[in-house]
Amino acid sequence: MADQYAQSGDDKRPTEVPAIRWEEPPEGPVLVLLDQTRLPAEEVELVCTDASALVEAIGSLAVRGAPLLGIAGAYGVALAAARGFAVDEAASALAGARPTAVNLSVGVRRARDAYQAEVARGGSPEQGARAALAAARQLHREDAEASARMAEHGLAFLDELLPGGGHRVLTHCNTGALVSGGEGTAFAVALAAHRAGRLRRLWMDETRPLLQGARLTAYEAARSGMACTLLTDNAAGSLFAAGEVDAVLIGADRIAADGSVANKVGSYPLAVLARYHHVPFIVVAPLTTVDPDTADGASIEVEQRPGFEVTEMAAPQAPVSGAGGGIPVAPLGTQAYNPAFDVTPPELVTAIVTEEGVVSPVTAEGLAELCARARHATTD
């Protein structure tokens, strides 16, 4: 039950400290996470010995990002099965840990279904646990492959829209290797442009209130040697007005059947700015993020997070006095509105880039056709 921390070396790089991994020490299997709440100050690993510890890590954002949450959820079911806990109970707790991120429930379901199918065939609980782990590992591999293909499709689409290279890309939140089994979603496209010599500048919103852009995207971009500049979220408008943005690249936590996109709060204002300034607004996400059972944006449940994330600032080395363990930046008792996500309607989205191709313009019909084509390809 208890979690433990292990400091990793100062000379590590993100590709050497994976965001998630399964290990089997003598005392039993564990799921090891790179604790993203401690970045960029220190690279520290969090060891989860059961599903409840993983639920806590998901809630605290020690592990985060839609594709990685799916992988974590699948491993969490496998962990519960391997350690003899109630699989259905663990699956339910994991799937509900972050309601907006559909990948989480997809990953949980895949591992749970694999476990149940094996047991239904007469397999032992141990065999069921191995089946759940195999499903989690398969999802992990698939996401890494999807990341590489999204980068390829995304760069090709960018080059088509903006021939000649020299792309100046604005991104929001964090969408790199810290959220993926591979090199990420939107960030992977920018990284591919950088490696091809076609990225002029990566603009990074700091992404309030938890600063995933400042803490995590800047961390990944700097270590990849990218030309990058950090800005406050409310400075984006002046950047557009100055003509300094060629495209916006963001990820997604859920894409509804009509093409509405739920992503980190602040994405919708960027889409409005992009439309006004005639700048492409491009969403990059694997097909596991598309939820055909959610009809439209109004049907997406938006997670509401604690108010102290807004009324306090986290400062690990400073004395704390706030309810959330941070330094208060607002008067005691101030109420805070803190949705984790907002929803961008499809008419503001230039394209959705997936591992199976690009949907542009974004319509329910186009998205359904792409998903059907992908399903057909996997059954051939």
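This dialogue walks through helix packing and salt bridges in a predicted model.

Reader: Let me begin with the helices near the start of the numbered set. At what angle do the axes of helix 1 and helix 3 cross, and how should I read that angle?

Author: The general idea is that an angle under 35 degrees counts as roughly parallel, whereas one over 145 degrees counts as roughly antiparallel. In this model the axes of helix 1 (residues 51-59) and helix 3 (residues 87-95) come within 9 Å and cross at roughly 5 degrees, and the two helices are therefore roughly parallel to each other. Helix 1 contributes Ala 51, Leu 54, Val 55 and Ile 58 to the contact, and helix 3 contributes Ala 90, Ala 93 and Leu 94. Sorted by class, this contact has seven nonpolar residues, with no polar and no charged ones.

Reader: How are helix 1 and helix 2 oriented, parallel or antiparallel?

Author: Helix 1 and helix 2 (residues 66-82) pack at an angle of about 160 degrees, and their axes are 9 Å apart; they are therefore roughly antiparallel to each other. The crossing of helix 1 past helix 2 is left-handed. On the helix 1 side the contact is made by Ala 51, Leu 54 and Ile 58, and on the helix 2 side by Leu 69, Ala 72, Gly 76, Leu 79 and Ala 80. The residues of this contact divide into seven nonpolar, one polar and no charged.

Reader: Which residues make the contact between helix 4 and helix 5, and in which hand do these helices cross, left or right?

Author: Helix 4 passes helix 5 in a right-handed crossing, the axes coming within 8 Å and crossing at roughly 145 degrees. Among the contact residues of helix 4 are Gly 107, Arg 110, Ala 114 and Tyr 115, and among those of helix 5 are Pro 125, Ala 132, Leu 139 and Glu 142. By class, the contact has ten nonpolar, four polar and three charged residues.

Reader: Arg 110 and Glu 142 both appear in that contact. What do their side chains form together, and how far apart are the closest N and O atoms?

Author: Side chains of opposite charge can pair when their charged atoms come close. Here Arg 110 forms a salt bridge with Glu 142, and the closest N and O atoms are 2.9 Å apart. Arg 110 lies in helix 4 (residues 102-120) and Glu 142 in helix 5 (residues 125-161), so the pair ties together parts that are 32 residues apart in sequence. Arg 110 is partly exposed, with a relative accessible area of 31%, and Glu 142 also counts as partly exposed, at 29% relative accessibility.

Reader: How many salt bridges does the structure hold, and does Arg 168 count as buried or exposed?

Author: The structure holds 18 salt bridges, and one of them joins the side chains of Arg 168 and Asp 246 (2.9 Å, N to O). Arg 168 lies in strand 5 (residues 167-171), while Asp 246 lies in the loop between helix 8 (236-241) and strand 8 (247-250), so this pair ties together parts that are 78 residues apart in sequence. Buried means under 20% relative accessible area; Arg 168, at 14%, therefore counts as buried, and so does Asp 246, at 17%.

Reader: What is the distance between the closest N and O atoms of Glu 42 and Arg 38, and which residues are linked in a network of salt bridges?

Author: Glu 42 forms a salt bridge with Arg 38, with the closest N and O atoms 2.8 Å apart. Glu 42 counts as partly exposed at 27% relative accessibility, as does Arg 38 at 29%. The network links Arg 98, Glu 303, Arg 305 and Glu 309 through salt bridges.

Note on methods
Residues are numbered from 1 along each chain as its sequence is written. This is a predicted model: local features need pLDDT of at least 70, side-chain atom pairs count only at pLDDT 80 or more; totals for chains, interfaces and linings use all residues. Side-chain values use heavy atoms; hydrogens and water are left out. Axes are lines fitted to C-alpha atoms, for helices over the stretch in contact, and angles run from 0 to 180 degrees between N-to-C directions. Helices (H or I, at least four residues) and strands (E, at least two) are DSSP runs, numbered from the N terminus. Angles under 35 degrees count as roughly parallel, over 145 as roughly antiparallel, 65 to 115 as roughly perpendicular and the rest as oblique. Contact means heavy atoms within 4.5 Å. Ala, Val, Leu, Ile, Met, Phe, Trp, Tyr, Cys and Pro count as nonpolar, Asp, Glu, Lys and Arg as charged, and the others, Gly among them, as polar. A crossing is left-handed if the near helix is turned anticlockwise from the far one by less than a right angle, and right-handed if clockwise. A salt bridge is a side-chain nitrogen of Lys or Arg within 4 Å of a carboxyl oxygen of Asp or Glu. Buried means under 20% relative accessible area, exposed over 50%, partly exposed in between (1.4 Å probe, protein chains only).
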